[in-house]
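Subject: A structure for you to explore

Hi there,

Here is the structure I promised to pass on to you. Have a look at it first, and then read my notes below with the viewer open.

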Amino acid sequence: MIHLIMILTAVAVAWGLRSSWNGAQGNWNLRWRRSLFLFLFPPLLLLMTAIAVLCMGPQGKMAGMYTGWGSYFLALCYLGVFSIFCIKVTIQGWQSVQSARNCPLVNVGNKQIRLLNTDALFAGQIGFWHPELVVSQGLLQTLSPEHLESVLAHEQGHYHYRDTFWFFWLGWVRACTAWLPNTDSLWEELLVLRELRADGYAATKIDPLVLAESLLMVVSNTPVLSDICCAALGSPTGDRLEQRIEALLAPPEPIPAVQLHCWHGFLLAFLPLLTVIFHT
């Protein structure tokens with residue numbers, strides 16, 4: 001019974017936190033920290049609760065109440081679902097990487113890229129920690145050298161921040177917590193913040209107006225590859241595109257380095273593990 005109370009409490013807290021999302025507010029740093037916390041903390045709390053229940057086992061007592069098989073089986077199923085989704089997104093990511101590696105290597109300027117044989121306008125980093133730059137034939141034929149340089153600078157921003165690696169794991173979390181409220185809204189917010197960060201990186205190396213023009217040309221095309229393990233210039237629509245254009249035309253906003261204290265709030269998600277010491 002006590003384990004079931006723990007699980008229901010964790011679900012209630014996770015649901016309440018996700019429900020508190022009320023849209024994008026503040027500067028880039030505030031939006032990033034808040035969105036990442038609301039996106040990651042609920043599943044991390046649920047995961048730690050399930051691990052704690054699993055460690056305590058189906059027998060014994062806690063706080064004077066007996067434990068049982070029902071909550072133990074529920075925790076086991078939840079961890080099993082997490083594992084299945086991890087395997088699924090890993091396979092999809094591996095397929096994306098293999099698809100990129102089947103493209104021939106060519107030299108563009110002083111960069112070596114993978115050339116995608118399609119008339120669609122596409123440029124993206126594909127891979128995990130060390131992604132490869134994939135550019136379509138259509139993009140090379142359509143963009144001027146100046147616009148192409150701006151696109152490559154944006155993709156270098158994705159490489160600099162290792163976006164393909166981190167968003168692979170965030171994509172796994174998204175798949176596992178699709179049942180929680182605002183999962184897709186927070187995912188879209190994190191994606192646009194990722195693009196704003198890459199845009200900001202590129203704007204320090206090239207003319208932001210040229211990048212804005214390139215963005216308008218490229219995002220009107222349909223994506224040609226899976227977004228798993230892929231950080232492309234993007235295909236945002238509506239206010240996402242408008243946000244990026246406005247950010248490029250406005251005075252640059254500094255992107256602060258991630259500080260250790262930003263992660264302190266996530267330590268609360270590990271509190272369920274402390275309950276193991278009270279189990280007898």
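**What I found**

Let's begin with one residue: apart from residues up to four places away in sequence, S214 touches H147, S150, V151 and L233. S214 lies in helix α8, which covers residues 208-218. Is S214 buried or exposed? S214 is buried, and its relative accessible area is 0%. Please keep in mind that this is a predicted model.

**The chain as a whole**

The chain holds ten helices and seven strands. Of its 280 residues, 46% are buried. The accessible surface is about 14,100 Å², and carbon and sulfur atoms account for 64% of that. If you take the contacts between residues at least 6 apart in sequence, 73% of them join residues at least 24 apart.

**The helices and the cores**

As a general point, nonpolar side chains tend to be buried together in soluble globular proteins. In this chain, the largest nonpolar core has 43 residues, and W32, F39, L40, F167, L170 and L190 have the most contacts inside it. Five helices each supply at least two residues of this core: α1 (2-19), α2 (28-56), α3 (69-101), α6 (163-176) and α7 (183-203). Which helix gives the most to it? That is α2, with 15 residues.

L170 is a good place to zoom in. Leaving aside neighbours within four places in sequence, L170 is in contact with L36, F39, L40, W187 and L190. Another core lies apart from the largest one; it has 23 residues, including V135, L152, A212 and L248.

Helix α7 is worth a look too. It has 21 residues and reaches 30 Å from its first C-alpha to its last, close to the 30 Å expected at 1.5 Å a residue. Most of α7 is covered, with 16 of its 21 residues buried.

**The sheet**

Next, find the open sheet of five strands, which are ordered β3-β4-β6-β5-β7 with mixed pairing. Why is one side of β3 and of β7 (230-232) left without a neighbour in the sheet? Both strands stand at the edges and each has a single partner strand, so one side of each stays free of a neighbour there. On average, neighbouring strands of this sheet are turned by 40° against each other, direction ignored.

Strands β3 (residues 105-108) and β4 (residues 111-116) run antiparallel and are joined by four bridges. One partnership to look for is V106 with I113 in β4. The hairpin of β3 and β4 has two residues between the strands, and G109 takes a positive phi near 65° there.

Strands β5 (residues 123-126) and β6 (residues 132-136) also pair in the antiparallel sense, over four bridges. Here Q125 has L133 in β6 as its bridge partner. Helix α5 (residues 145-160) lies across β3, β4, β5, β6 and β7, and runs at about 25° to β5.

Finally, try Q112, which is found in strand β4. Q112 is exposed, with a relative accessible area of 54%. Not counting neighbours within four places in sequence, Q112 is in contact with L105, V106 and N107. From Q112 to V134 is 22 residues in sequence and 9.5 Å in space, C-alpha to C-alpha.

Enjoy exploring!

Best wishes

Definitions and conventions. Residues numbered from 1 in each chain as written. Predicted model: local features only at pLDDT ≥ 70, side-chain atom pairs only at ≥ 80, totals over all residues. Heavy atoms only, no water. Pairing = 2+ DSSP bridges. Buried < 20%, exposed > 50% of the residue type's maximum accessible area, 1.4 Å probe, protein only. Contact = heavy atoms within 4.5 Å. Areas by Shrake-Rupley, 256 points an atom, 1.4 Å probe, with all protein chains shown as cover. Core = buried A, V, L, I, M, F, W, Y, C linked by side-chain atoms within 4.5 Å. Expected span 1.5 Å × (residues − 1). Axes fitted to C-alpha atoms, helices over the stretch in contact; angles between N-to-C directions.
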